[in-house]
Amino acid sequence: NDRRTVHAKLWMVNLMEATLPEAEAERYEVGAEAARGMVKDNGRSQVDSFHWPHKPRMADELEMGDWLIQVMTWEDKSVTVHAPGQLLHIDHYKRDAASGKQRWVFHLEVPRRGESLTWAEFRRAAKSLFGPKALDAPRTRPVRDLATADGLLSLWTPGGRVSKR
């Protein structure tokens, strides 16, 4: 890991709606159970997870406690931007013995009452932080600039509701 790179406080993660294969459900649950044990406040928070069919580049850079904003593209092509969550646990396992390919699973602590923004609402709100051209399409990327990261995080209240300002 190249330490000259400024550690990103926040990641925007571009996701596509996908169903986990039934054959992996038991193995997936092992990591989810571990993550549930790490939640600080079960009254206000819950575990949310997303998975990748291979090791993403961000896996080496992420640290526990990092903030992630999930940008989900649904089957109907609509895009929602979810309230930020904090990384609790990264898990990975062989998807099947034959291929040896691995699934990477990222477990986050997210607010139980978290609200989502549409991509259009998020772009409007975040334009002042990124500039007009920076948010043409969802993509996975680190937000290394602290003022930008804090600005994005402040689009939601600490409880996960969309900020009114």
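**Notes on strand S3 and its surroundings**

1. Let's start with a hairpin partner: strand S3 and strand S4 (residues 79–81) run antiparallel and are joined by three bridges. One pair to look up is Thr-73, which stands opposite Val-79 in S4. Please keep in mind as you read on that this is a predicted model.

2. The link between these two strands deserves a look as well. S3 and S4 form a hairpin, with five residues between them. In that turn, Lys-77 has a positive phi of about 75°.

3. S3 also has a second antiparallel partner, strand S5 (residues 85–94), to which two bridges join it. Here you can find Leu-68 opposite Gly-85 in S5.

4. With S1, the pairing of S3 is in the parallel sense and runs over seven bridges. To place this pairing in your viewer, pick Leu-15, whose bridge partner in S3 is Met-72.

5. How enclosed is S3 by the rest of the structure? Largely so, because six of its seven residues are buried.

6. Finally, a word on helix H3, which spans residues 146–153. Its buried residues are Thr-148, Ala-149, Gly-151, Leu-152 and Leu-153. Strands S1 (10–16) and S3 (67–73) are among the elements that cover them. The cover also includes helix H2 (119–130) and strand S8 (141–143). So if you have S3 on screen already, H3 is a good place to go next, since S3 helps cover the buried residues of H3.

Terms used. Residues are numbered from 1 along each chain as its sequence is written. This is a predicted model: local features need pLDDT of at least 70, side-chain atom pairs count only at pLDDT 80 or more; totals for chains, interfaces and linings use all residues. Side-chain values use heavy atoms; hydrogens and water are left out. Buried means under 20% relative accessible area, exposed over 50%, partly exposed in between (1.4 Å probe, protein chains only). Helices (H or I, at least four residues) and strands (E, at least two) are DSSP runs, numbered from the N terminus. Contact means heavy atoms within 4.5 Å. Two strands pair if DSSP finds at least two bridges between them.
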